[in-house]
Every structure is written in structure tokens, then in C-alpha cells.
Amino acid sequence: MSDQHSRTFDAVVIGAGFAGLYALYKLRKMGLSVKVFEAGNGVGGTWYWNRYPGARCDVESMEYSYSFDPELEQEWIWPDKYSKQADILKYANHVAERFNLMKDIEFETRIKSAFYERESNTWRIKTAKGRKVVAQFCVMAVGNLSTPRVPDFKGIDNFKGDWYHSGLWPKEEVNFSGKRVGIIGTGSTAIQIIPQVAKKAKHLHIFQRTANYSLPARNGPLAEEKRAIHKKKYRELRKQAYSTPFGIAGYPPPEKGAFEATPKEREAKYHQKWDEGGTISYLFSYNDLLLSEKSNETASDFVRERIREIVKDPETAELLCPNDHPIGTKRICLDSGYYETFNRYNVALVDVRSAPIEEITPFGLRTAREEFELDSIIFATGFDAMTGAILEMNIRTSDGLDMKDKWKDGPKTYLGIMIAGFPNMFVITGPGSPGVKSQMILSIEQHTDWITGCIANMLVNGITRAEAELEAEAKWTEHVNEVANSTLYPQANSWYVGANIPGKPRIFMPYVGGVEAYKKICDEVVAKGYEGIQLAP
Ligand code: NAP
């Protein structure tokens, strides 16, 4: 089934976000010919698409950056403690230009299908424009939160105003001045958008189904002195980050459980963390907050008390208090003035749990209780997380396997990196890896180093095919679930379990054993001669 019209590369990388850029850099450095395909017309992935007002990273800038090049680390200047989207995008572009990566990236090119042909041991990749390429290796750098999802509301096509999804935000600034705006959703994204849009809109209606925990970021400019100290200790800090659960240095894991402290001590600790800002710091108040419901309740209660203190209208405050999941079992949101926004005269919270949205009307929306007139609607309704981008493509093999069938009951991977039956395909921070539960760029580097190490080993030893074993994959998938079930995580209806997508199988997808444990396992697999992977000459 060879195709004379296809160009051949050693490796094809799908996606030019932080994962795709680093994969290109590393694979090319090994002397391979590489082609990257990217749906957007620029690099940056998440930070390319999510240009909504208020978009910022919830990991501190000095950590949320590449570590592979000390010169890059030293020359780049992060202005804020938590970077805004535009600065992160600027950084992604800087990296792409500095390492001359652009020339191997084809933009505005979505991949439609990838077919593995065993006989020729090649991946045959087809773009949505109909172009075909052939490669020995296929690297999925497609991101975990890259398939935006607008719920299937009745009437959406009839809406006469403007509507936006946060993950597909226009490049031009959207002017909400004087408009009646509605935002659907109160996740991490909405919590960043709401304070910004409230300042501009004539009126902002916030349609909330489930309340989330949000902590103050206490963001601000990064003091030169702090930046300099961090840069001086970069090597040590990067190393330290690998020995933590979330891959973030500077926050040593706590040694004490919540009930080893007196109520007064606990209150003082939570206050100190709340005043300091940030999510890791708060979660690291005690070592059992994600393991014991009773301990978690103390941390959850503290946040609910702060909400009641900040939000003046008691009814609104009560609605904003999360009560369906322990704090931390969904990604904690990080905000700048979120709860305070509900004290504004032009903002109203609408509970769509008790009265769901029934229809988008030509002039707004209607819930089971009321009708709202809106000029603009913002859908901050999330993503088909972790599996969406992979399953959107048609991925099949000459052995008759189809990824959609393989993952119909939930994703199965070996280490979150390889998939049995799909040889020479590697996923960066895939389901079953700690990617989304970590400092993402650190995990991207660790995965990519592991993948390129595997490919280098193949090249040196004359191996042409690497394929995860079914048994190793089954064991790993079971382990991922076992670890999750030993924590409180599965209690939440989060995108970690696919709960936000109607009909998606409920499986806990990320590995929550922590970055340190995970890296150790990955290294051991290598030390044991790529245990669990069949290597064929
Ligand atoms: P999300 O956490 O999935 O939140 C989606 C929101 O939309 C939820 O409040 C959800 O309510 C609501 N929603 C969905 N369908 C609805 C419907 N039919 N009716 C009413 N409400 C509906 O998505 P996200 O806020 O975009 O965040 C996703 C992830 O992206 C985060 O967890 C985080 O990992 C990442 N992120 C990070 C940052 C950062 O670094 N600062 C910023 C933004 C996002 P339910 O909860 O009831 O389903």
C-alpha cells in the first residue's frame, strides 16, 4: 500500500504546543528528519488558542518554563509571578525562533487520520487538506485540553448575538463594553474571565451549575531580586522539582496530617496559605488533604468561610460555596478578584443546577425558571479532556485495530506514553501519565526525553519497531486506577474522569502517584531493557 505521492520523514509530530516544540527540537538534534503539523497558525498550543480576557497560568512563571537550555533560562525575563497568556505565547515564539523550529512546522494543518502499516512499519498520516506523509515514528503532542466543547444546547444556531468558546478565542480583542453578557460555566477558565468582563460589560450574568473552590493568586510583578535568586539556583531547583509530587520546586511536601495540629494551628496555617496565594501551597498545608475526607473538610470549610466573608449577599455566597467535592479533587482554581466580583452592581449569579439551561434563544437564553436577554454569550464550558484530541483523529492499523474501539471503555496506555497495538506511536503526557497533575512543561520534557531515549536506543541497536505489550498496558492502567482509588480524587465529577462529557466512560485518567514516583517507574522500565515493550529488529 505504498504511496508514491507521500513525503517520507523519520518522525511526524502532531501539535506545536510546548510538547511539539520540544519533541521537534530533540528529534532533530538526534539527526532525524521531522515534520510537525499544527492546526493553528502559530506555535503555543493551549496558549495560542486560549486568548480569553484574564487568561493566566496557575503555576509560577519561573517554574512554568523549559529547563533544557540553561542559556534560555537565563536570558528570558518573566515579568509577573503568574504569567499572562500573551507572555507565555511570546515565550513559545521566542523558543521556536531561537532554535530555528518554525521551518519544520506546517501550520493551519489538522491531521485527519494516522494509519499504521505493519508490513512497511510506517505511519501513513493524512491531513484534513488531503496531503499525505509517511513516517516511522508518530509523536502525539496534541495536548490534554485542546478539544473545546460547547454543550449541545437547543437553539444555539439561532442566537442573534455573538458567542465565544474560551478555548477558541478570537485574536482580535472582543469589546464587551456596554453589552449584556452571559457566561456559562464556573471552572478555572470562567473564574479568570469573570472579573475582567465584569469591568466592561453593562451586565454580566454568570450561569453556574457547580461551584468550584478558588484561591487567590496574589499575583503581581516579579521582583528583580527574586528572579535573580531563582536564576542562580535554577539547576538545583529543576532537580528538586522532579522529587516532588506535582513537579514544582519550592514547596516541600508537608510531613504532618491535618489532625496532628490543633484547630487553632490549622486555622493559622490555612490563613497563612490563603494570604500567601497559590494552590500548591494551600494543598500542601497537610499531607492527608487528598487522602482523608475528615482532614480535607477542614481545608474545604476554611475556603467556604472566606467566600461567606467576601461575598456580601448571603444567598449568592451560599451558592458559590462548593459542596459536592472535597477541595483539590478537581483542579483548584486560581483567581484575581473572583469572589469580590459578585459584590458588583452589574453582576448576577444564576443557579442552573436547580433550573438548567433549556434553550439558547435568538436574544439570549432560557432556563427552566427564567429568560435572560443577552448580547453575547461566553461558553467557558471546558474540553473533551485527555482523550478528545486523539480520538478526533481516525487512528487505525493494518492489523484491524481502531483507536476508537480500543478506548471505547476509557483510555488504555502503557505509562501514558505508548499504546499496545499501535507501534512506534508515542504520546506526550497522555492519559495514564501525571501530565495534567503536574507542572506541565516539566512532564513534557520528562516524557519527551524518555521517548527520544527510546528511539535513540532503537537506532543504536538496529530495532525498528517498539510496541507496548498488552499485559504491561493492562497492568499499568490498573495501577493508575488503583492509585487514584487510594485517594479522594475519584469522588469529584471532574474532567479527570470524563464526567463533563455526556456518555464518556467514567475512568480516572491521570496518574496521581506523583511526578517523582512516575519518573522512577519510567527510569526503571529503561534500566530493565524497556520492560513491557516489544522491540523488534
Ligand atoms: P471546566 O473545568 O471543565 O469547567 C467547565 C464549566 O462549564 C463547569 O463549571 C461546568 O459545570 C460548566 N458547564 C459545562 N456544561 C454545562 C452545561 N450544559 N450547563 C451549565 N454549565 C455547564 O473547564 P475550564 O474552566 O475551561 O478548565 C479546564 C481545565 O483547564 C482546568 O481544570 C485547568 O486544568 C485548565 N485551566 C488552567 C488555567 C490556568 O492555568 N490558570 C486556566 C483555565 C483552565 P459542571 O462543573 O457542573 O460540569
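A polar contact, as the term is used here, is a pair of N or O atoms within 3.5 Å. Keep that cut-off in mind as you explore this predicted model.

**Stop one: the ligand's polar contacts.** Select the ligand together with Thr 210. An N or O atom in the side chain of Thr 210 sits 2.4 Å from an oxygen atom of the ligand. Now add Thr 186, where a backbone N or O atom is 2.9 Å from a ligand oxygen. Then bring in Arg 56: one of its polar backbone atoms lies 2.8 Å from a nitrogen atom of the ligand. If you switch on a surface, you can see how the protein wraps the ligand: 88% of the 910 Å² of accessible area that the ligand has on its own is covered by the protein.

**Stop two: the shell.** Widen the selection to the 25 residues around the ligand; Arg 56, Thr 189, Arg 209, Thr 210 and Trp 495 come nearest. Colour the shell by residue type and you should find 10 nonpolar, nine polar and six charged residues. Which helix gives the most to this shell? Select residues 188–200: this is helix α5, and it contributes three residues.

**Stop three: helix α16.** Next, select residues 470–485, the 16 residues of helix α16. From first C-alpha to last, α16 reaches 22 Å, close to the 22 Å expected at 1.5 Å a residue. Show side chains for its buried residues, among them Trp 476, Val 480, Val 483 and Ala 484. The buried set also includes Glu 473, Thr 477 and Asn 481. An α-helix has 3.6 residues a turn, so residues three or four places apart point the same way. To see what covers the buried residues of α16, display α14 (403–406) and α17 (515–527), which are included in that cover.

Notes:
Residues numbered from 1 in each chain as written. Predicted model: local features only at pLDDT ≥ 70, side-chain atom pairs only at ≥ 80, totals over all residues. Heavy atoms only, no water. Near = heavy atom within 4 Å. Polar contact = N/O pair within 3.5 Å; in protein donor to acceptor, adjacent residues only side chain to side chain. Areas by Shrake-Rupley, 256 points an atom, 1.4 Å probe, with all protein chains shown as cover. Helix = DSSP H or I, 4+ residues; strand = E, 2+ residues; numbered from the N terminus. Nonpolar A, V, L, I, M, F, W, Y, C, P; charged D, E, K, R; others polar. Expected span 1.5 Å × (residues − 1). Buried < 20%, exposed > 50% of the residue type's maximum accessible area, 1.4 Å probe, protein only. Contact = heavy atoms within 4.5 Å.
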